[in-house]
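Q: Hi, I have a chain open on my screen and would like to talk it through. Could you go over it with me?

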Amino acid sequence: MQNWIGIAIWIVMGAGIGLAMRAAIDRPEEQAGHAVIIAVLGAFAAVIGGMLGVGSFHLYEPLAISVGGMAGAALFAMLMTFVYRWGLRTLI
């Protein structure tokens with residue numbers, strides 16, 4: 001049960017990071033409706049980053065609510081939403 005709670009925390013944290021990144025990087029030519037897309041992208045990236053963090057730092061006792069899992073989720077969500085907000089949107 002503890003791992004499911006940790007994964008739910010990753011999802012909420014990733015969506016929050018995505019929305020914070022949306023507020024931090026202003027795109028004047030942006031159309032309406034990108035808040036949902038960036039929140040889903042942040043949540044997905046947080047789950048992937050959390051799994052990578054748990055797999056990298058906690059080999060013997062893999063728990064989702066751990067320093068490695070939370071740090072991996074936060075860093076990967078920030079990276080992916082930053083790339084989407086800044087990188088891909090300027091190329092399109």
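A: Happy to, and below we go from the overall layout to single residues.

Q: Great, what kind of model is it, and which residues count for local features?

A: This is a predicted model in which local features need pLDDT of at least 70 and side-chain atom pairs count only at pLDDT 80 or more, while totals for chains, interfaces and linings use all residues. Residues are numbered from 1 along each chain as its sequence is written, and side-chain values use heavy atoms, with hydrogens and water left out.

Q: How many helices and strands are there?

A: The protein chain has three helices and zero strands. Both are DSSP runs numbered from the N terminus: helices are H or I with at least four residues, strands are E with at least two. From the N terminus on, the order is α-α-α.

Q: What does the C-alpha trace span?

A: Along its principal axes, the C-alpha trace covers about 50 × 20 × 15 Å.

Q: And how much of the chain is buried?

A: Of the 92 residues, 37% are buried. Here buried means under 20% relative accessible area, exposed means over 50%, and partly exposed is in between, with a 1.4 Å probe and protein chains only.

Q: What about the exposed area?

A: The protein chain exposes about 5700 Å², and carbon and sulfur atoms supply 75% of that area. Accessible areas come from the Shrake-Rupley method with a 1.4 Å probe, and for residues only the protein chains shown count as cover.

Q: Switching to the inside: which residues make up the largest nonpolar core?

A: Nine residues do: Trp-10, Ile-17, Ala-46, Val-54, Ala-64, Met-70, Ala-73, Ala-74 and Ala-77. A nonpolar core is a set of buried Ala, Val, Leu, Ile, Met, Phe, Trp, Tyr and Cys residues joined through side-chain atoms within 4.5 Å.

Q: Which elements give two or more residues to it?

A: Those are α1 (2-24), α2 (34-57) and α3 (67-91). The largest share, four residues, comes from α3.

Q: Let's pick Ala-73, then. Is it buried or exposed?

A: Ala-73 sits in helix α3, and it counts as buried because its relative accessible area is 0%. Leaving aside neighbours within four places in sequence, Ala-73 is in contact (heavy atoms within 4.5 Å) with Trp-10, Met-13, Ala-46, Gly-49 and Gly-50.

Q: How far apart are the C-alpha atoms of Ala-73 and Gly-50?

A: They are separated by 4.1 Å, although the two residues are 23 apart along the chain.

Q: And what does Ala-77 touch?

A: Not counting residues up to four places away in sequence, Ala-77 touches Gly-14, Ile-17, Gly-42, Ala-45 and Ala-46.

Q: Why does Thr-81 count as buried?

A: Thr-81, also found in helix α3, counts as buried because its relative accessibility is 0%. Its side chain reaches the backbone oxygen of Met-78 at 3.3 Å. Beyond four places in sequence, Thr-81 touches Ile-17, Gly-18, Met-21, Ile-38, Leu-41 and Gly-42.

Q: Any side chain in a loop reaching a backbone nitrogen, and which one?

A: Try Ser-66, which lies in the loop between α2 and α3. The side chain of Ser-66 reaches the backbone nitrogen of Gly-69 at 3.3 Å. Ser-66 is buried, with a relative accessible area of 13%, and it touches Val-54 and His-58, not counting residues up to four places away in sequence.

Q: Now the loop between α1 and α2: is Ile-25 buried or exposed there?

A: Ile-25 is found in that loop and is buried, at 16% relative accessible area. Setting aside residues up to four places away in sequence, Ile-25 touches Phe-82, Arg-85 and Trp-86.

Q: And Asp-26, buried or exposed?

A: Asp-26 has its place in the loop between α1 and α2, and it is exposed, with a relative accessible area of 65%.

Q: Last topic: which residues form a nonpolar patch on the surface?

A: Leu-79, Phe-82, Val-83 and Trp-86 do, with about 380 Å² of accessible area together. Trp-86 belongs to helix α3 and is exposed, at 51% relative accessible area. Patches are made of residues with over 30% relative accessible area and no salt bridge (a side-chain nitrogen of Lys or Arg within 4 Å of a carboxyl oxygen of Asp or Glu), with like charges joined within 9 Å and nonpolar side chains (Val, Leu, Ile, Met, Phe, Trp, Tyr) within 5 Å.

Notes:
A polar contact is a pair of N or O atoms within 3.5 Å; within protein, one must be able to donate a hydrogen and the other to accept it, and residues adjacent in sequence count only if both atoms are side-chain atoms.
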